[in-house]
Amino acid sequence: MQQDLKSDFTKQLIVNEAFKLFYANGFRTTSIDKIMEKTSLSKGAFYHHYKSKKELGLEVISLKVQKRVVEGMISPLKQEGNSFNILENVFINRLKEFPFQEKQNGCPMNNLINELGNSESIYQTALKSIIEKWKSALVELIEKGKTEGSIKKETPSEAVAVYLISAFEGIRGIRKLYDNDVVLDEFITGLSLYLKQIKA
């Protein structure tokens with residue numbers, strides 16, 4: 001039991017440090033040596049748990065990146081209440097909540113999509129799975145809003161879901177180019193105007 005706990009702790013430490021380095025410096029430029037240097041563990045400890053950096057990368061996507069999207073953007077869509085208000089609050093409030101480092105570095109998932117999206121299919125599948133979960137949750141909320149009367153019945157749910165995800169991810173990338181929040185404020189104003197068009 002003690003050995004299992006130690007093994008779990010070691011894996012968690014490697015995943016956490018790998019995520020931070022991938023986020024700050026990119027996946028391709030982050031070596032196994034750099035990751036293990038941050039963990040203060042031996043390279044042997046890495047290979048005890050992972051066959052390759054690719055395997056670690058997939059675990060980072062499933063344990064860290066997906067968890068962030070689920071907690072920040074998917075689970076809040078499933079709360080009780082007025083569907084339109086939930087949609088508006090989740091997207092706008094989330095953008096306002098990001099700490100400075102996240103404003104500087106953008107979205108971890110989007111960074112990986114841009115870096116690895118045209119790479120191996122195994123990464124594409126893992127990242128696309130997160131987007132599809134997010135899209136499904138949005139479609140479900142929009143459909144609920146149409147039924148309850150808070151969102152216009154003619155609203156194309158899937159198209160709006162894809163648009164909102166793309167816009168949200170896009171501004172997080174563009175934001176990296178600016179040293180102030182003017183562009184983010186402008187985006188939020190535009191997003192608010194867009195959302196009002198689907199409000200019943």
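How many salt bridges does a search of the whole structure find? The search finds 10. The model is predicted. Its mean pLDDT is 92, and 97% of the residues reach 70 or more. The protein has 10 helices and zero strands. The domain assignment divides it into domain 1 (1-50) and domain 2 (54-198).

**Overall layout**

- Read along the sequence, the pattern is α-α-α-α-α-α-α-α-α-α.
- The C-alpha trace spans about 60 × 40 × 30 Å along its principal axes.
- The centres of domain 1 and domain 2, taken over C-alpha atoms, lie 28 Å apart.

**Confidence**

- Helix H8 (residues 121-148) has the highest confidence in the protein, at a mean of 97.
- Helix H6 (residues 100-105) has the lowest, at a mean of 77.
- Where pLDDT is low, the predicted coordinates should not be read in detail.

**Domain interface: extent**

- On the domain 1 side, 16 residues are in contact with domain 2; on the domain 2 side, 22 residues take part.
- The two domains bury about 1500 Å² between them.
- Carbon and sulfur atoms account for 68% of that buried area.
- Three aromatic names stand out on domain 1: Phe19, Tyr23 and Phe27 supply 48% of the area that domain 1 buries against domain 2.
- No other three residues supply more of that area.

**Domain interface: polar and charged pairs**

- The rule finds one salt bridge across the interface of domain 1 and domain 2.
- Lys11 forms a salt bridge with Glu59; the closest N and O atoms are 3.6 Å apart.
- Six residue pairs across the interface are in polar contact, with both residues at pLDDT 80 or more.

**Domain interface: the domain 1 side**

- Helix H1 (2-25) and helix H3 (43-49) each supply at least two residues of the side of domain 1 that touches domain 2.
- H1 gives the largest share of that side, with nine residues.
- By class, the side of domain 1 that touches domain 2 holds 11 nonpolar, three polar and two charged residues.

**A salt bridge between helices**

- Side chains of opposite charge can pair when their charged atoms come close.
- Glu158 and Lys135 meet through their side chains in a salt bridge, at 3.6 Å from N to O.
- Glu158 sits in helix H9 (residues 157-174), and Lys135 sits in helix H8.
- The pair links distant parts of the chain, with the two positions 23 residues apart in sequence numbering.

Note on methods: Residues are numbered from 1 along each chain as its sequence is written. Side-chain values use heavy atoms; hydrogens and water are left out. Domain bounds come from an automatic or database domain assignment. Contact means heavy atoms within 4.5 Å. Buried area is the accessible area (1.4 Å probe) that two parts lose on being put together, summed over both. A salt bridge is a side-chain nitrogen of Lys or Arg within 4 Å of a carboxyl oxygen of Asp or Glu. A polar contact is a pair of N or O atoms within 3.5 Å; within protein, one must be able to donate a hydrogen and the other to accept it, and residues adjacent in sequence count only if both atoms are side-chain atoms. Helices (H or I, at least four residues) and strands (E, at least two) are DSSP runs, numbered from the N terminus. Ala, Val, Leu, Ile, Met, Phe, Trp, Tyr, Cys and Pro count as nonpolar, Asp, Glu, Lys and Arg as charged, and the others, Gly among them, as polar. pLDDT is the predictor's confidence in each residue, from 0 to 100.
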